[in-house]
Structure formats: C-alpha cells, structure tokens
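Trainee: Could you take me through one part of this model closely, and then set that part in the context of the whole assembly?

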There are 2 protein chains.
Amino acid sequence: MRGEELIGVIGGLLERNGRRILLVVADGIGGLPMEPGGPTELEAARTPNLDALARVSSLGLLEPVGPGITPGSGPAHLALFGYDPVKFNIGRGVLEGLGIDFRLTPRDVAARFNFATADRAGNLTDRRAGRISTEENRRVVGKLRAGLEAPAGTELFIETVKEHRGLLVLRGDGLRGEIHDTDPQALGVPPLPARAVDPAAERTADAFNRVIGQAGRILAGEERANTILLRGFARYEPLPTMEDRYGLRAFAVAQYPMYRGLARLVGMTVAPQTASAEEDLAALASNAGGFDFFYLHFKKTDSRGEDGDFAGKVAAIEELDAMVPRLLALEPDVLAVTADHSTPCALAMHSWHPVPLLLRSPYCRGGRGRFTEAACAGGALGLRPSVHLMPILLAHARKLAKFGA
Amino acid sequence: MRGEELIGVIGGLLERNGRRILLVVADGIGGLPMEPGGPTELEAARTPNLDALARVSSLGLLEPVGPGITPGSGPAHLALFGYDPVKFNIGRGVLEGLGIDFRLTPRDVAARFNFATADRAGNLTDRRAGRISTEENRRVVGKLRAGLEAPAGTELFIETVKEHRGLLVLRGDGLRGEIHDTDPQALGVPPLPARAVDPAAERTADAFNRVIGQAGRILAGEERANTILLRGFARYEPLPTMEDRYGLRAFAVAQYPMYRGLARLVGMTVAPQTASAEEDLAALASNAGGFDFFYLHFKKTDSRGEDGDFAGKVAAIEELDAMVPRLLALEPDVLAVTADHSTPCALAMHSWHPVPLLLRSPYCRGGRGRFTEAACAGGALGLRPSVHLMPILLAHARKLAKFGA
C-alpha cells in the first residue's frame, strides 16, 4: 500500500487510549564503514544500553523516501511522521522559515534569498556577495528592515539566516507561491524578475518585485551585498495534523529550529527551545501527562556525520546511548529509536542508505544482540518505507482496531 | 513508491558524472536445493572471487515482477533496467523478433507462428506439424519466401525460429497489433481467422489473413507443415531510452540475440555478437571510455538451470566466478551481480523466487562471507522489487541529487 492509501485504511481503525509512544529520532545515525570491511559508526560505538534494549526489541530498516533517494530533513521527517514525502512536498522557502524558527502562518509566502553583488549596469558579479559573514548579513538586514515598505495589503518580514543567506516573507490575503526563482544561476546578467508560474500568483510576484526594487535602492551604497536573489517561493500550508490523522496529541522536543518547525507543520505542540539532554528529558518528563505521542530529536549524530568526524559521531552515539535509561524511566508504552536519514561520515552528507530502527513494546518479536545496521537488516521488522512506521507504532500502542471480521 | 512514480522522482534528481556502472546479469543464477536441506547451486559452487567480493559488498534479494510471479526474460530484464514490467508489457511477437536478432522497426507488427498440420477439410490434426526439424522449417520458410506476396502497402518478412516455430512480420504505415491469435488451441477444428480486437487493427488483420490464405495454398503439397497458426501479434514500440530516463549512455554485451534485442529496446548501444567470456570482456574493455553504464549478460547459468543439470549449473557459476577478477580490472565505480530471474535446476525452468544481488561501491554496508541466496536474504539491501535496482545503482554512482531540503 502507498503512504496515503495506507493512512486512509488506518484512519478507519483508530482507537484512542492512554498509551504513550516515544519516537526518538537520532538524526543521521545510519552510517557506513570508512574503508571496505570496516565498522560503521554504530558498530564502532560502545552502546550497552541500546544493545540491551535491542535484545528485547524488534529491529528493522526504514527507507526514507525511496530506493537510492537521499532525502533532505523535511521529507525524511515527514515520512517518519507518516506523510508521503512525495505528495507533501514542502517548499524551500517554508523549510528555511522553519529552520530559523520563523512562525509562518497560512497567509505567508516565504522565499529564501542570497545577498549578491551586481555591477553598475546591474549585472551580477557574485551570486553570494563574497559569502559575507552572518554579522554583516545582520547589519544589511537591519538596513533593509529600516528602509523597506511592505507592498499594499501585505506585511513584510526579512530575516538573517546565515552568511549570505536570508528569508523574505510577505503576509497577506490571497498570496500565492507559484513564482519562479529570480536567481539566473549565471554571472554577467541581471537578476530575473519574480515571474508568476500560475496567473493566480501574478499579484504576489508584483509585490515581491516591488520589494526587490526597493532593496536595490537601499543597498546601492553597499560594496558587496547590493542586491538580493530570491528562490524557493512557497506558501505555508500546514499539513493535516497528527491528531487529524492518528488521533494523537503529539508533543515535540528539539534543540534545533528546523525540527521544531517540522513538528509544528504537522500540528505537534512544541516545547520551548532546549539546549541539552537534561533539558530535553525534563521537557519530556514534565509533559508526559498531557500527550500520547512524543517526538524527541537528537541532532549530534547528524552534525558529526556532516563533518565527516567518525570519532565524533561515535561519541554522539554513545551520548545517545547514555540517555536510554532515562528515556525508559519515562515509561513509554512504545519506544522507537531510529533516524530520519543516514549521514555516513564516509560521505559527510545525508545519504540514501536505509536507517536502523529499534522498536520496543510488550509485543515484540525477538531482537538481536546489538543495535547496528547489520543487525537491523536481519531484524523482525524487515526493510520498509519510513511511512510504515506510524501505523506500526499505533498498532504496538493498541490504537488500531481489527480490519474486517 | 511504484515503478514509474519512482522513476519520475529520480528523473528530477539526475546529475551526470563520469562514474561507470557495470551490471552483470547472471541469467537464472538463483536456485533451489535438489532435496530438502540440500545446497542450492550457489551454495554448492566454489566461488572464492564472488565470496571475497561479498564481504565488502551489500547483498540483497530482488523480486523480478511481483510475489509468486515467474517472469519471462523480457519482463525480468525490463524490471532490472528499471522499467515497470507490467506497464511496459512487450508483445510475444516482438520478443520472438528480438530473440532471433530480427531488427524490428516502429512500423512493424510481428507475430510468432507455428507450422501445423490440417486435414483435407482444413481441420487441425497437429498444432505443431509433428515438431519438424529446424532444417525442415528452413526449407518450408524458403518456399514461403519465394511464393508469398506482401499485401498492398506492406513489406513482408518470414523467418525460421526453431523446429516448428517462426516469425512473421508485416511492415507498413499505420499497422496495429491488437489482433487475436489464430491458433484455436484445439484439434479437429480449422484455424481461426486473424480478428481485430480494436477496430483500428482491422486493416492489419485483413493483411495477415491474406498472407495466411496464400501460405495455405503454397504449402498445400506439404505432408506436415501445410498451414500456419499465428499468435502474439504485437507492434514494435521502442521504450523510452535509458539515456532519457537516467541520463546514462548504456552499452550491452550479450552472446544471445534476445538479450541484445532487449538492450536495443531500451536504447543501449549493443556490441556485435560475442561467443566467449574472452570476447565479452574484450568488448567491455574496448568500450569502457564511451559509456557510463554497461550491461553484461551471462547465459550459461540459465541454460543449465533449464536443463535441470545441477552439476552443469554449478560449473557455470564457477565459470562466472573466474571472470570476476577481470570484471574488477575494468574498474567500474559500481558493480552489481544479479539475475533477471531464478532458474532452479529442481524446477528446470524459470521460477518466481527472488534473485540474489551483490552490489559493490565505495558506499556499501558490510557484506557477508558468501554470495548465496541465504546470505542475500539477510543482506543490507533487503528484499525489494527489481525495479528498485536502477535508482540504487545511480545513487551509488553519485548520480542523484538530494530530494528536498
């Protein structure tokens, strides 16, 4: 069954009860050997707690989006939450907004922008404005905030993201996101105008063009960041919530804004920003009564993977392992430990490889002695698309009635 | 994701680079024990090279068309090449043409035929003309070639296949393949006329009926092969090419015409006929520079499987194993060894069993000590439809960009 067909069937079987599910997303935990025949990060790590858990849990592998497909964090998380990541394709501008904790509303169209450098004739000489520092970005954004006037009928928000990157949001009634990028992806030519792909987006494109024009005048004296290039225009459209789809009241704990934003997108209640494992665990503990689904995001495994830092990722895995007793002390009825995608140090980036999955409930078929990719490959849950996880979690929480008689 | 939806997603992520993929199809290599508890052909074979490779490769199982479905060579190969074999259903007549290296064109409708015996009243007494020899087939085909006149607006081709079997092709504008078989599948009745299933095929059916009528008159004096029964009418429609779908320039090496024909059908450049492993390897080596995808077909494993010759199939596997060092010497960036379908000696025919898959690249999760069905069943790649293979090969060749952010 495909993702949304499956969810349709599940929707007819939902039963509410007090049982609680804890989903721990160890971002990028899936790995690779650094050389042929070597251990993966999970194999190299000392993980006594995860291994003990593995012996009484069911193991498996999840494939985030599809075979060979390396997912971004957005689609990879949506798949874990049971949303078909191809059907629910979130625009880049919206993801950028989620990534800096900008509270988007359904009246918003968001676009990512780069500061860029143009010559006197208006032709681009640097599409990233010499990769200005975040500090300089803040200064220039401050200048724009002071000078820009929102087009009639809209509110305007402009935010620093990092280095030469920023976020531009227009808020208003009837705005649309079907607009082509203004980045021509070439030097020696001027930026493209924002152009509506759908006639319904023409008014919005005009509004963005007025902002771009103003920005050029305000930044005329800047040596490097004297123009902006917009891309990934997208309207914020919240998804059907996890309550709508699964009858779950869901609570999210994450140290990084992107993941809080993704949780909000599917209707989770989101804990205030945390900054340590202590705070993560405290946020979960103090909200244990009010919710029946808990999403905990653990970032370090992905960060060290992106760095290509094998020892660092091994250490991050061991940190996660050390949290396990305290996660178990929260007494979830169902506990899953998995990842949104793999981030092997050998690649120093997200990869297409399936992710390990550990699922503990009173209804598990035998586990294996370790929590590794290889043990998961032979596990009771087999290899499956990530969108299968939510129905399996619901079943282990006894929240799904029998199908047919 | 289903086959063609998956290919749609992949299509948006393609990145060209110089990395080269080598796909070795060991036809029918998947097997079965001859008695319960016994070894499969792969388990019985001494395969030091494949086993060494397995230790640094990812293993898995591929299911060619679907659970329980025993595929012909056509759909089984299409699935390996990433073409949904149910959607791209190639007509039997076309497959027969591919199998004898007949160069079909998009203006061709091809049908398989049997020579058959009818009595004076025109009722069938033997639907296979006493299984005449290939030699006799050639003599009778020669007589038909000399006597048949192509219907107006068409060219006519008639070819010996083997024993009582042949191929009849009409070439012309607007010909259609939606025509019922003329074989009544019974004795004591006359052949059926070629009858259009779709009104658009009526003109083509009439043309074939005129050919059948002429053939009856020409063969009236024959004792056994005095009529022909046609089936599997199909128009040749080349598929979207592998270049279209994957951005791959693909090169094929195969000793048997069927496989060269299947490769041509998906737009591969096909090496001239080879007749030994030496020639196969030479053809690959001398074309290594011009292409980025290489398909090598290895036939003996299937032939000995079809014969039910266990020792022969084991020897064929060992022959393949001996080729491995020279395949590695070609330095493909990604190497896959798998099969189109299983051909267990215990069945002496194609079977529905999934086929073993070995994939070597720098990005593989640990392998297992042997290349056998059982090792593959617990492998990192899991059990998947064969149409998943191409996206995974593309990913390992770093030819797919990230999906979403």
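Mentor: Since the model is predicted, let me first fix the frame in which the part sits, beginning with the two copies. Chain A can be laid on chain B with an RMSD of 0.3 Å, by a turn of 126° together with a shift of 0.4 Å along the axis. The two copies are thus related as by a three-fold rotation axis. The copies use different surfaces, and 10% of the contact residues of chain A recur in chain B. Of the residues of chain A, Gly378(A) comes closest to that rotation axis, with its C-alpha at 2.8 Å.

At the interface itself, 31 residues of chain A are in contact with 24 residues of chain B. On the side of chain A that touches chain B, helix 4 (73-80), helix 5 (92-99), helix 13 (373-377) and strand 13 (382-385) of chain A each supply at least two residues, and helix 13 of chain A gives the most, with three residues. Sorted by class, this side of chain A has 17 nonpolar, 12 polar and two charged residues.

Now to the part that I would look at closely, strand 3 of chain B. Of the 11 residues of strand 3 (residues 108-118) of chain B, 11 are buried, so this strand is largely enclosed by the rest of the structure. In a regular strand the side chains alternate between the two faces of the sheet. Here Asp108(B), Ala110(B), Arg112(B), Asn114(B), Ala116(B) and Ala118(B) point one way from strand 3 of chain B, while Val109(B), Ala111(B), Phe113(B), Phe115(B) and Thr117(B) point the other way, and all are buried.

The pairing of this strand can be followed partner by partner. Strand 3 of chain B runs antiparallel to strand 6 (residues 165-171) of chain B, and seven bridges join them; within that pairing, Arg112(B) stands opposite Leu167(B). Strand 7 (residues 227-235) of chain B also pairs with strand 3 of chain B in the antiparallel sense, over seven bridges, and there the bridge partner of Ala116(B) is Thr227(B). With strand 4 (residues 124-126) of chain B, the antiparallel pairing of strand 3 of chain B takes two bridges, and Thr117(B) stands opposite Asp126(B). The hairpin of strand 3 and strand 4 of chain B has five residues between the strands, and in it Gly122(B) takes a positive phi near 90°.

Elsewhere in chain B, eight strands form an open sheet of mixed pairing, in the order 9-8-10-1-11-12-2-13. Its edge strands, strand 9 (269-270) and strand 13 (382-385) of chain B, each pair on one side only. Strand 13 of chain B pairs with strand 2 (residues 58-63) of chain B in the parallel sense over four bridges, and Arg384(B) in strand 13 is the bridge partner of Leu62(B).

The packing can be read from the largest nonpolar core, where, of 242 residues, Ala336(A) and Ala336(B) touch the most other members. Leaving aside residues up to four places away in sequence, Ala336(B) touches Leu23(B), Val24(B), Leu357(B), Leu358(B), Leu359(B), Leu389(B) and Leu393(B). In soluble globular proteins, nonpolar side chains tend to be buried together.

Definitions and conventions
Residues numbered from 1 in each chain as written. Chains lettered and ligands numbered in written order. Predicted model: local features only at pLDDT ≥ 70, side-chain atom pairs only at ≥ 80, totals over all residues. Least-squares fit on C-alpha atoms with pLDDT ≥ 70 in both. Contact = placed C-beta atoms within 7 Å. Pairing = 2+ DSSP bridges. Nonpolar A, V, L, I, M, F, W, Y, C, P; charged D, E, K, R; others polar. Core = buried A, V, L, I, M, F, W, Y, C linked by C-beta atoms within 7 Å. Buried ≥ 20, exposed ≤ 12 C-beta atoms within 10 Å, placed from the backbone.
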